[in-house]
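The following exercises concern the pockets, cavities and ligand surroundings of one protein model. Each task is followed by a solution in steps.

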Amino acid sequence: MKSAIYPGSFDPVTLGHLDIIRRASRMFDKVTVCVLDNKAKTPLFSVDERVRMLQKVCENMPNVYVDSYYGLMVDYARMIGAHVSIRGLRAVTDFEYELQLAQTNRMLSNNELDTIFLTTSAKYSYLNSSGVKEIAAFHGNISRCVTPYVEEKIWEKIREREEAAEKKN
Ligand code: ADP
């Protein structure tokens, strides 16, 4: 069975991520989307919230599983028996970081884990989670960036934050 892992922060999952997941699901028997708990970033959504959103947007893809992990991605991949990591490439600016990450992971896994890059669909090449969060913070239109379910969750979160800030003042 060909099994792959698609690791990332997914804070939150965008249509760009979803496009990569859909395409990967046609190439592999099983794709595990793994939310990595990256302590270096301050997330908008908790890991559990991100997992729930991913589960919801992937529910029509039977060979896609969603999980989370606190630790090294290579350890998780070994645990589930995945030998391929999927990453998305948007622009040349992604390349240097992604190349380094792929080589580091190959070294850490003793050559057991390889990375496959899927290039973004042109219509999503500008999309990233940080941008979506920034637009949402100023109440801009994010309907072309995420699914309606994720959009609803973002507005809920923004409202929560605004109410908390109001109470403080
Ligand atoms: P990370 O914090 O690990 O970069 P992200 O959630 O930002 O996690 O992204 C996970 C993966 O999805 C990365 O390989 C990233 O390049 C890719 N990706 C993000 N947005 C897009 C997009 N719009 N099109 C294609 N790939 C994307």
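For the class counts used below, Ala, Val, Leu, Ile, Met, Phe, Trp, Tyr, Cys and Pro are nonpolar, Asp, Glu, Lys and Arg are charged, and the others, Gly among them, are polar. The model is predicted.

**Exercise 1. Describe the largest pocket by volume, lining and class.**

Step 1. The volume of the largest pocket is about 1,100 Å³.

Step 2. Its lining comprises 44 residues, and those nearest the centre of the pocket are Gly8, Ser9, Lys41, Arg87 and Tyr97.

Step 3. Two or more lining residues come from each of strand 1, helix 1, strand 4, helix 4 and helix 5 (129-137). Helix 4 contributes the most, seven residues.

Step 4. Sorted by class, the lining of the largest pocket holds 17 nonpolar, 17 polar and 10 charged residues.

**Exercise 2. Locate the ligand and characterise its shell.**

Step 1. The site of the ligand is the largest pocket. The elements that supply two or more residues to the shell around the ligand are strand 1 (3-8), helix 1 (15-27) and strand 4 (84-89).

Step 2. The ligand is surrounded by 16 residues, of which Tyr6, Ser9, Phe10, Lys41 and Gly88 come nearest.

Step 3. The classes in this shell are six nonpolar, six polar and four charged residues.

**Exercise 3. Identify polar contacts of the ligand and state how far the protein covers the ligand.**

Step 1. Apply the cut-off: a polar contact is a pair of N or O atoms within 3.5 Å.

Step 2. For an oxygen atom of the ligand, a backbone N or O atom of Gly88 is found at 2.7 Å.

Step 3. For nitrogen, a polar side-chain atom of Thr120 lies 3.0 Å from a nitrogen atom of the ligand, and a polar backbone atom of Tyr124 is 2.9 Å from a nitrogen atom of the ligand.

Step 4. On its own the ligand has 550 Å² of accessible area, and the protein covers 91% of this area.

**Exercise 4. Analyse the enclosed cavities.**

Step 1. Rolling a probe the size of a water molecule over the atoms shows where empty space is left. Two cavities of 30 Å³ or more are present in the structure.

Step 2. The largest cavity contains about 50 Å³ of space. Its lining consists of Val74, Ala77, Arg78, Ala82, His83, Ser109, Glu112 and Leu113, with four nonpolar, two polar and two charged residues.

Step 3. For the second largest cavity, the volume is about 30 Å³. Pro7, Met73, Ser85, Arg87, Glu98, Leu101, Ala102, Asn105 and Thr115 line the second largest cavity.

Step 4. Strand 4 and helix 4 (92-108) are the elements that give two or more residues to the lining of the second largest cavity. Helix 4 provides the largest share, four residues. The class division of this lining is four nonpolar, three polar and two charged.

**Exercise 5. Examine the backbone at Pro12 and Asn110.**

Step 1. Begin with the general expectation: most residues other than glycine have a negative phi, and most peptide bonds are trans.

Step 2. The peptide bond between Asp11 and Pro12 is cis, with omega about 0°. Pro12 belongs to the loop between strand 1 and helix 1.

Step 3. Asn110 is not a glycine, yet has a positive phi of about 55°. The position of Asn110 is in the loop between helix 4 and strand 5 (114-119).

Technical notes
Residues are numbered from 1 along each chain as its sequence is written. This is a predicted model: local features need pLDDT of at least 70, side-chain atom pairs count only at pLDDT 80 or more; totals for chains, interfaces and linings use all residues. Side-chain values use heavy atoms; hydrogens and water are left out. A residue is near a molecule or strand if one of its heavy atoms lies within 4 Å of it. A polar contact is a pair of N or O atoms within 3.5 Å; within protein, one must be able to donate a hydrogen and the other to accept it, and residues adjacent in sequence count only if both atoms are side-chain atoms. Accessible areas come from the Shrake-Rupley method with a 1.4 Å probe; for residues, only the protein chains shown count as cover. On a 1 Å grid over the protein atoms alone, a cavity is a set of points where a 1.4 Å probe fits but cannot get out, and a pocket is an open set with protein on both sides within 12 Å along at least five of seven lines; lining residues have an atom within 4 Å of a point. A molecule sits in a cavity or pocket if more than half of its atoms lie within 2 Å of its grid points. Grid points are joined across faces, edges and corners, and a volume is the space filled by probe spheres set on the points.
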